[in-house]
Amino acid sequence: MLGKIENLASGIRLNPGLDVSQLKVSFEKNLRLHIPGIINEEAANGIHNSLKNEIGWNLAYNDDEGQKDLYARDQQNMPSAERQAFHQKIMARARTGTFQYLYGSFAVGDAYKEGLIKDMFVARFFEFVNTPEMINLISDITGIKGIKRANMQATAYGPGHFLTDHNDFDPEKDRKVAFVFNMTKDWKAEWGGILQFLEEDGFSESGLIPTFNALNIFQVPQRHIVSQVSTYAPKVRFGLTGWFMGSEDG
């Protein structure tokens with residue numbers, strides 16, 4: 001747990017109307033859950049503004065060596081021909097069925113530990129998600145004990161961004177529950193960017209459209225994707241994602 005966080009995160013409050021017993025019943029059906037209106041509106045607006053205005057976004061993608069980041073400064077200096085080749089390589093890998101993704105990313109947990117975001121509102125939210133109040137809520141809803149902390153990244157899915165089929169399992173990390181705090185305003189389903197859960201045959205029977213101030217949680221492992229954001233989407237799908245962990249490291 002993070003220390004001395006009560007005052008730092010005091011401006012962020014859970015919705016007092018949450019019915020934990022009913023949320024637990026709903027979670028048990030599919031081991032996943034959508035919770036609208038998770039925090040107070042003022043704090044949600046603060047997070048949205050922080051994501052929109054304070055963060056320099058890297059581009060996260062996958063290659064044969066694992067996760068890579070194209071840093072914001074390098075994106076700005078990349079010649080157009082090199083940029084085109086970069087995107088073609090990513091799309092070619094995705095076409096083979098190999099795990100691939102492309103989206104704006106900022107490692108909130110790592111930046112927090114390094115003291116790089118102490119004046120950003122998103123840092124206050126990272127502290128809040130690691131409070132006993134939030135950890136206990138997730139444990140109560142899911143029935144999963146031993147959750148010690150949350151790790152978090154900020155994500156920004158713009159036109160053409162996507163996340164292909166995977167289940168979040170990592171044998172080296174004790175991921176208990178995956179989460180997405182949606183902080184996207186006025187999103188339309190036809191713009192894509194939908195969190196879709198896949199059955200064993202690969203078909204999707206349910207999906208969650210990005211919404212503002214909502215929390216999606218699901219027990220790890222579960223197959224899922226984020227559908228590609230349409231090239232005509234006029235805005236960015238913002239979120240704070242990660243895992244509630246059973247270990248202090250990783």
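Select Glu 65 and Lys 68 to begin: their side chains meet in a salt bridge, 3.0 Å from N to O. Keep in mind that this is a predicted model.

**Stop 1: the charges around Lys 68**

Keep Lys 68 selected and add Asp 63. These two also form a salt bridge, and their closest N and O atoms are 2.9 Å apart. Now look at how each residue sits. Glu 65 has 67% relative accessibility, so it counts as exposed. Lys 68 is at 25%, so it counts as partly exposed. Asp 63 is at 16%; the limit for buried is under 20%, so Asp 63 counts as buried.

Move to Asp 174 and Lys 176. Here is another salt bridge, with the closest N and O atoms 3.4 Å apart. Asp 174 is partly exposed at 31% relative accessibility. Lys 176 is partly exposed too, at 24%. Which residues do shared salt-bridge partners join into one network? They are Asp 63, Glu 65 and Lys 68. In total, the structure has 5 salt bridges.

**Stop 2: strand S2**

Select residues 58-63. This is strand S2. Is S2 enclosed or open? Of its 6 residues, 6 are buried, so the strand is largely enclosed by the rest of the structure. Check one side: Asn 58, Ala 60 and Asn 62 are buried there. Turn to the other side: Leu 59, Tyr 61 and Asp 63 are buried as well.

Add residues 66-70, which make up strand S3. S2 and S3 run antiparallel and are joined by 5 bridges. They form a hairpin, with 2 residues between them. Then add strand S4, residues 101-106. S4 is also antiparallel to S2, and 4 bridges join the two.

Pick Leu 59 to see both pairings. Its bridge partner in S3 is Leu 70. In S4, its partner is Gly 104.

**Stop 3: Asn 58**

Stay in S2 and select Asn 58. At 15% relative accessibility, Asn 58 counts as buried. What does Asn 58 touch, leaving out residues up to four places away in sequence? Its contacts are Asp 69, Leu 70, Tyr 71, Ala 72, Gln 75, Tyr 103, Gly 104 and Ser 105. Zoom in on Ala 72. The side chain of Asn 58 reaches the backbone nitrogen of Ala 72 at 3.2 Å. Next, draw a line from Asn 58 to Tyr 103. Their C-alpha atoms are 8.2 Å apart in space, while the residues are 45 apart in sequence.

**Stop 4: aromatic rings**

Show the side chains of Phe, Tyr and Trp. How many aromatic pairs does the structure hold? There are 12. Start with Tyr 61 and Phe 86. Their ring centres are 5.0 Å apart and their planes stand at 90°, so this pair is edge-to-face. Tyr 61 belongs to S2 and Phe 86 to helix H4 (residues 80-95), so the pair ties together parts 25 residues apart in sequence. Tyr 61 is buried, at 16% relative accessibility. Phe 86 is buried at 13%.

Now select Phe 125 and Phe 128. The ring centres lie 6.1 Å apart and the planes are at 25°, so this pair is stacked. Both residues are in helix H6 (residues 121-129). They are 3 residues apart, about one turn of the helix. Phe 125 and Phe 128 are both buried. Extend the selection to Phe 179, Phe 181 and Phe 244. Ring pairs link these three with Phe 125 and Phe 128 into a cluster.

**Stop 5: charges over rings**

Select Arg 175 and Trp 243. Arg 175 lies over the face of Trp 243, 3.6 Å from the ring centre. Then go to Tyr 157 and Arg 237. The charged end of Arg 237 sits over the ring of Tyr 157, at 4.9 Å from its centre.

**Last stop: helix H7**

Select residues 132-142, helix H7. Which residues of H7 are buried? They are Met 134, Ile 135, Leu 137, Ile 138, Ser 139, Ile 141 and Thr 142. Finish at Gly 143, just after H7. Here phi is positive, at about 75°.

Key: Residues are numbered from 1 along each chain as its sequence is written. This is a predicted model: local features need pLDDT of at least 70, side-chain atom pairs count only at pLDDT 80 or more; totals for chains, interfaces and linings use all residues. Side-chain values use heavy atoms; hydrogens and water are left out. Rings of Phe, Tyr and Trp (its six-membered ring) pair if their centres lie within 6.5 Å; planes under 30 degrees apart count as stacked, over 60 as edge-to-face and the rest as tilted. Buried means under 20% relative accessible area, exposed over 50%, partly exposed in between (1.4 Å probe, protein chains only). A charge sits over a ring if NZ of Lys or CZ of Arg is within 6 Å of the ring centre and within 35 degrees of the ring normal. A salt bridge is a side-chain nitrogen of Lys or Arg within 4 Å of a carboxyl oxygen of Asp or Glu. Contact means heavy atoms within 4.5 Å. A polar contact is a pair of N or O atoms within 3.5 Å; within protein, one must be able to donate a hydrogen and the other to accept it, and residues adjacent in sequence count only if both atoms are side-chain atoms. Two strands pair if DSSP finds at least two bridges between them.
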